[in-house]
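Me: I have a model open and want to learn how to read it. Can we go through it feature by feature?

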Amino acid sequence: MERWTRKAIWIVFFLLFFLSVGCSTSTNPVSPSNLNNTDNVALNHNEQVQENTDNERQIVVGFSQLGSESDWRNANTRSIQDAAKEAGIELLFANAEQSQEKQFEAIRSFIEHKVDVIAVSPVIESGWEPILLEAKQAGIPVILSDRAVQVSDPSLYVTIIGSDFYEEGRKAGKYLIDKMRNETGPVGIVELQGTFGSSPSIERGRGFRDVIKDQENLTILQSEPADFTYEKGKEVMRAFLKERGSEIKVLFAHNDDMALGAIDVIEEYGLRPGKDIVIISVDGTRKAFEMMTEGKINAVVECNPLLGPMLMQAVGEIIAGRTLPKRIVPPESVFTEELAEKEVGNRQY
Ligand code: GYE
């Protein structure tokens, strides 16, 4: 009899133990391994709730960032984290390190956590339909931030806040035509694309081609993905130089980090970036502007990463039940080497 009582006590003890573990982990929706726990990664409910002075329940946003491959991306992450803090919104932040699968996991954990809004920066364009459907079925609105997705049902997301990448490609093409207006001989172009299958890479390439296609002397010699990173930019540019050498007169890099990598290997190869090879890049980071002041980059098409305030405003509108436009595009410009000196001090990223 006594043995049975002791056994029952143990069973009750274990049950209580498992229940308490279950409760404490349920407030933490994403496993620590896929969370980038930076400044305002708001997993600590108590801290955030205390900060919130009014009695309204705090808004919770789950944000799946695609990675940290470039200066643009890091500025984008900071902008979103700062804007959440500013708005008193709790942000669950997950860094997918370029893995779409990790983005799916993060979104599932946000759904489980019953966040108010999910924001996602999709690493590539395809494959989003099923996971967005899961969010829709759970009744959680989704905002796409920065990059676009290919889905047949546009009601799977509320809005997309991000740049017009096609237009950016066109701006790069127009600059090139103008720069080469007195050039009668053949102009060989190489292109460093971004992440294969990502919307900025697809659209920048398309816009650029659409603009230069009628210029008979402009030819794209080679075009390869270099993942939007400095290291890969170096590697792919080195291969281009090995194959086409001095035939290369122009480099169109889909972002600044790859352009900076390419500049280093062009110099190693004994050519002058910005002179022997005209360089056009996208983003507009401070480092790229510094290169422009030295004449090593000729033009930068701006792509604005500071999307945080717009994103948090959209979250507020959704919670308030207001309708948003399907697309929200931040203001952007083109900067050429002539303007670099004047502008370099104003860069925020
Ligand atoms: O141009 C690049 C980044 O999606 C617009 O991703 C973004 C791009 C940006 O890694 O630097």
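Me: Where is the place of D153?

Reply: First, a caution: this is a predicted model. To place a residue, look for the elements on either side. D153 is in the loop between β4 and β5.

Me: Is D153 buried, partly exposed or exposed?

Reply: Use relative accessible area. Buried means under 20%, and exposed means over 50%. D153 has 27%, so D153 counts as partly exposed.

Me: Which residues is D153 in contact with, leaving aside its neighbours within four places in sequence?

Reply: Skip the sequence neighbours, then list what remains. For D153, that leaves E129 and K136. You can also check backbone spacing. L132 is 21 residues from D153 along the chain, and their C-alpha atoms are separated by 9.9 Å.

Me: What does the side chain of D153 make a polar contact with?

Reply: Look at the side chain of S155. The distance is 2.7 Å.

Me: Now the sheet. What is the order of its six strands?

Reply: Read a sheet across its strands, not along the sequence. Here the order is β2-β1-β3-β4-β5-β11, the pairing is parallel, and the sheet is open. Its edge strands are β2 (90-95) and β11 (327-328), each pairing on one side only.

Me: How many bridges join β1 and β3?

Reply: Four, in the parallel sense, between residues 60-65 of β1 and residues 117-120 of β3. For a landmark, find F63: it stands opposite A119 in β3.

Me: Which helices pack on the sheet?

Reply: Check which strands a helix touches, then its direction. Helix α4 (residues 100-112) touches β1, β2 and β3, and its direction makes about 175° with that of β1. Helix α11 (residues 308-319) touches β1, β2, β3, β4, β5 and β11. The direction of α11 makes about 165° with that of β4.

Me: Which residues are buried in helix α10?

Reply: List them, then look down the axis. In α10 (residues 286-293), they are A288, F289, M291 and M292. They cover an arc of only 155° around the axis, so they sit on the same side of α10. These buried residues pack against α9, β10, β12 and α12. After the helix comes G295, with a positive phi near 75°.

Me: Last, the ligand. Which residues come nearest?

Reply: Start with the surrounding residues, then look for polar atoms. Of the 13 around the ligand, E69, D146, R147, N255 and D283 come nearest. D146 has a polar side-chain atom 2.9 Å from a ligand oxygen. R204 also places a polar side-chain atom 2.9 Å from an oxygen atom of the ligand. For S70, a side-chain N or O atom is 2.9 Å from a ligand oxygen.

Technical notes. Residues numbered from 1 in each chain as written. Predicted model: local features only at pLDDT ≥ 70, side-chain atom pairs only at ≥ 80, totals over all residues. Heavy atoms only, no water. Buried < 20%, exposed > 50% of the residue type's maximum accessible area, 1.4 Å probe, protein only. Helix = DSSP H or I, 4+ residues; strand = E, 2+ residues; numbered from the N terminus. Arc of directions from axis to C-beta. Contact = heavy atoms within 4.5 Å. Pairing = 2+ DSSP bridges. Axes fitted to C-alpha atoms, helices over the stretch in contact; angles between N-to-C directions. Polar contact = N/O pair within 3.5 Å; in protein donor to acceptor, adjacent residues only side chain to side chain. Near = heavy atom within 4 Å.
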